[in-house]
Amino acid sequence: MWSAGLLLVLCSSSSYAQKQDLLETVIGTPKPLNRPVVLIYYANETSPTSEEMKNFEHTITLLDSVQKAPHKEEALKTKNSILKDLVTFRATVESEFATIKDLLPKAQGVSQVNAVLFSNYATRLGYFEYSKDGADFQKSEFAKVSGSDQWDYIYKSNPLSHTESLRAALKMTAKVFSPEKYSYVLITKSHGDENMILRPKLAFDSKGINQEKFLAMVYREENSGPLLQAVGSKGANHVAKVGMGVQGSMGKETLGDQELGKETLGGQGLGKETLGDQGLGKETLGGQGLGKESLGEEVWFKNFETQLQKPYGISKQEYARILSRAGSELKMNFSIVFAESCNSNFPIGKQSSELQNVGTIFMSVKDGLPYRNISYARLFEAKNTMRADSFLNSLKFMLRS
């Protein structure tokens, strides 16, 4: 549908994605298995800062300017996907955090399950939260990551998209929960694509693109220069070359600390309660359970000419190295790892010998991973928190079913 000289990025999942089968890979057997377990929930959610919100707003403005068929319909789908993600992703994370924070302290004194919660929003404010031995959650400082003063607004908005942030989060967890006493479960929740296991929603800075040039590219009136369509979805993005150019870097971007209720996009109010015609409470979205909403929606972007010098985010290779180093340097053993992003699958192969501190890793194999894939209300039932093995078995059951 687009010009033959463009590089397109397509995210092929449905708007209401169904739960997909995950790839389960058993790598090692971290020991001992009878230790108390720590759930590390690492959420690289969409929650834009005011500066990054301008990027979203300008992108919506550009999409609104497309009025010719058949491009208008595709532009509208893209706009709606962006608007939905701005509310849905953060709402899902907040809902899951609230469930964990409500249920876990009720097991005080008998719990063998602990939790550490990281999010972009909290990281930007300089803290993370944890519950130890069934006690109430408390905040602890998320120390500033080395070199973060030099990050651009995308990384500053989405700090958990950066490799150094994931390394720092694991180090802080190991400091609170000694690897000599605890084993770990790591869940990284993010947008993803075929190269990046964690990345932001938007992978470019649109603010330098004027409407005239944008429409010229869309309507095939101009065909010069490297053109890149980039989409960040919680799903993997398929790259389809339609004729020209070398594939551009798929950058990651971050989403920061702004209350969406104070912003408008494309003339549409983005309050916490509504998005368009649909009610968007913390429990449901447009009458649909959050679990039916896709983190990898069909989102493509018209020919955005970018100046990206490097991709944003954490690649699959970097992800594996970080896990490996957490074992060799921090002595952390992960009973389960769930890369909760679209198309997060990567070949273990030769890396298996370096990942012997990982028991089982669950990965998605395609686009369209729902925003919600685990029932934390069931996972944190008292019968599961009293025994670490019950907790691990319950989590595996959920990920397999």
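## A tour of the helices and the sheet

Helix α1 crosses helix α2 with a left-handed turn. That is a handy place to start in this model, which is predicted.

**Helix against helix**

α1 covers residues 50–64 and α2 covers residues 71–103; their axes come within 9 Å and cross at roughly 155°. An angle over 145 degrees counts as roughly antiparallel, and α1 and α2 are therefore roughly antiparallel to each other. On the α1 side, the contact uses M53, F56, T59, I60, L63 and D64, and these meet A75, T78, K79, I82, L83 and L86 of α2. By residue type, the contact of α1 with α2 holds eight nonpolar, two polar and two charged residues.

The loop between α1 and α2 is worth a look as well, for P70 lies there. Which form does the peptide bond from A69 to P70 take, cis or trans? The bond is cis, with omega near 0°. For background, most peptide bonds are trans.

Another pair to find is α5 (residues 163–176) with α7, whose axes are 11 Å apart and whose packing angle is about 25°. Angles under 35 degrees count as roughly parallel, and α5 and α7 are therefore roughly parallel to each other. Their crossing is right-handed. From α5, the contact takes in T163, L166, R167 and L170, while α7 supplies E318, Y319, I322, R325 and A326. The residues in the contact of α5 with α7 divide into five nonpolar, one polar and three charged.

Here are the helix pairs side by side:

| Helix pair | Axis distance | Angle | Crossing |
|---|---|---|---|
| α1 and α2 | within 9 Å | roughly 155° | left-handed |
| α5 and α7 | 11 Å | about 25° | right-handed |

**The sheet**

Now turn to the strands. Eight of them form an open sheet with mixed pairing, in the order β2-β18-β17-β7-β3-β4-β5-β6. Why is one side of β2 and of β6 left without a neighbour in the sheet? β2 (23–26) and β6 (138–141) stand at the edges, and each has a single partner strand, so nothing in the sheet lies on the other side. On average, neighbouring strands of this sheet are turned by 15° against each other, direction ignored.

Inside the sheet, β3 (residues 37–43) runs parallel to β7 (residues 183–189), and seven bridges join them. As a landmark, V37 stands opposite S183 in β7. Towards the β6 edge, the pairing of β5 (residues 127–131) with β6 is antiparallel, with four bridges. Here E129 stands opposite K139 in β6. β5 and β6 form a hairpin with six residues between them, and D133 in the turn has a positive phi of about 55°. K331 also has a positive phi, near 65°, although K331 is not a glycine. You will find K331 in the loop between α7 and β17. As a rule, most residues other than glycine have a negative phi.

**Helices across the sheet**

Which strands does helix α7 lie across? α7 (residues 316–328) lies across β7, β17 (334–340) and β18 (358–363), and runs at about 160° to β17. Helix α10 (residues 388–400) lies across β2, β3, β4 (113–119), β7, β17 and β18, and runs at about 30° to β17.

**How far to trust the picture**

The protein chain has a mean pLDDT of 76, with 71% of its residues at 70 or more. Residues 222–292 have pLDDT below 50, yet this stretch has 285 contacts in the model beyond near neighbours in sequence. Residues 296–300 are also below 50 in pLDDT, with 37 contacts in the model beyond near neighbours in sequence. Where pLDDT is low, the predicted coordinates should not be read in detail.

Technical notes: Residues numbered from 1 in each chain as written. Predicted model: local features only at pLDDT ≥ 70, side-chain atom pairs only at ≥ 80, totals over all residues. Heavy atoms only, no water. Pairing = 2+ DSSP bridges. Helix = DSSP H or I, 4+ residues; strand = E, 2+ residues; numbered from the N terminus. Axes fitted to C-alpha atoms, helices over the stretch in contact; angles between N-to-C directions. Contact = heavy atoms within 4.5 Å. pLDDT = per-residue confidence, 0-100. Parallel < 35°, antiparallel > 145°, perpendicular 65-115°, else oblique. Left-handed = near helix turned anticlockwise from the far one by under 90°. Nonpolar A, V, L, I, M, F, W, Y, C, P; charged D, E, K, R; others polar.
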